[in-house]
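Please walk through this protein chain with the model open beside the text.

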Amino acid sequence: MEEGLVGPRIYSCCKCRNHIAVHDDIVSKNFQARTGRAYLFTHAMNVVLGLKEDRQLMTGLHVVADVKCSDCGEVLGWKYERAYDESQKYKEGKFVFENFKIVKEKFYEHISSV
């Protein structure tokens, strides 16, 4: 009988390691934030949204809300609530997490096979 470890790759808050996203939900790794590289995700968990506001980003004007860790309150990125430019509509409802604010780790489950 063999035992193995499998599970999704998880992204966590850099400060408290609260799980905030799953690797399979990454839409793009080619996003640019003010502080450097960022990832676009379809879903997030264990986060709290700030107030919606108009924000001028590199790709134009958007309505966004800051995304904070639900445990420690660290601002991890933002959520696109609305895109004014038609070519940017695909971002609506998605989350951007700045790379230096998240940690990639594995969440394992024990499995055994015969």
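What follows goes from confidence to the sheet, then to loops, salt bridges and aromatic rings.

Start with how far to trust the coordinates. This is a predicted model. The protein chain has an average pLDDT of 88. At least 70 is reached by 86% of the residues. Two stretches call for care. Residues 1–5 stay under 50 in pLDDT. The model gives this stretch 14 contacts beyond four places in sequence. Residues 110–114 also have a pLDDT below 50. Here the model shows 12 contacts beyond near neighbours in sequence. Where pLDDT is low, the predicted coordinates should not be read in detail.

Now turn to the sheet. It is open and built from 6 strands. Read across, the order is β4-β5-β9-β8-β7-β6, with antiparallel pairing. Which strands stand at the edges? They are β4, residues 26–33, and β6, residues 47–57. Each has a single partner strand, so one side of each lacks a neighbour in the sheet. On average, neighbouring strands are turned by 30° against each other, direction ignored.

Look inside the sheet at one strand pair. Strand β7 covers residues 60–69, and strand β8 covers residues 75–83. The two run antiparallel and are joined by 7 bridges. V64 offers a place to check this register: its bridge partner in β8 is Y80. Strands of a sheet pair through backbone hydrogen bonds, either parallel or antiparallel.

Next come the loops. Most residues other than glycine have a negative phi. R17 has a positive phi of about 65°, although it is not a glycine. R17 sits in the loop between β2 (9–13) and β3 (19–22). N46 is another residue other than glycine with a positive phi, near 55°. N46 belongs to the loop between β5 (36–41) and β6. Are these residues buried, exposed or partly exposed? R17 is partly exposed because its relative accessibility is 45%. N46 has a relative accessible area of 37%, so it is partly exposed too.

D24 is in the loop between β3 and β4. Its relative accessibility is 64%, so D24 counts as exposed. D24 and T42 are 18 residues apart in sequence. In space, their C-alpha atoms are 9.1 Å apart.

Charged side chains add links between parts of the chain. The count comes to 6 salt bridges. One of them joins K15 and E74, at 3.0 Å from N to O. K15 lies in the loop between β2 and β3, while E74 lies in the loop between β7 and β8. The pair therefore ties together parts that are 59 residues apart in sequence. The two ends differ in burial. K15 counts as exposed because its relative accessibility is 60%. E74 is at 13%, so it counts as buried. K15 and E74 also belong to a network of salt bridges that includes K101.

R17 returns here. Its side chain meets that of E105 in a salt bridge, at 2.8 Å from N to O. E105 lies in strand β10, residues 102–106, whereas R17 is in the loop between β2 and β3. These parts are 88 residues apart in sequence, so the pair ties together distant places along the chain. The loop residue R17 thus has both a positive phi and a salt bridge to E105.

K89 and E92 make another salt bridge, with their closest N and O atoms 3.4 Å apart. Both residues are partly exposed: K89 is at 29% relative accessibility, and E92 is at 30%.

Finish with the aromatic rings. A search of the whole structure finds 6 aromatic pairs. Y11 and F41 form one that is edge-to-face. Their centres are 5.5 Å apart, with 75° between the planes. Y11 lies in strand β2 and F41 in strand β5, so this pair ties together parts that are 30 residues apart in sequence. Both Y11 and F41 are buried.

F41 has another ring partner, Y39. This pair is tilted, at 6.4 Å centre to centre and 45° between the planes. Y39 is buried, like F41. Which residues do the ring pairs link into a cluster? They are Y11, Y39, F41, F95 and F97.

Definitions and conventions:
Residues are numbered from 1 along each chain as its sequence is written. This is a predicted model: local features need pLDDT of at least 70, side-chain atom pairs count only at pLDDT 80 or more; totals for chains, interfaces and linings use all residues. Side-chain values use heavy atoms; hydrogens and water are left out. Two strands pair if DSSP finds at least two bridges between them. Helices (H or I, at least four residues) and strands (E, at least two) are DSSP runs, numbered from the N terminus. Axes are lines fitted to C-alpha atoms, for helices over the stretch in contact, and angles run from 0 to 180 degrees between N-to-C directions. Buried means under 20% relative accessible area, exposed over 50%, partly exposed in between (1.4 Å probe, protein chains only). A salt bridge is a side-chain nitrogen of Lys or Arg within 4 Å of a carboxyl oxygen of Asp or Glu. pLDDT is the predictor's confidence in each residue, from 0 to 100. Contact means heavy atoms within 4.5 Å. Rings of Phe, Tyr and Trp (its six-membered ring) pair if their centres lie within 6.5 Å; planes under 30 degrees apart count as stacked, over 60 as edge-to-face and the rest as tilted.
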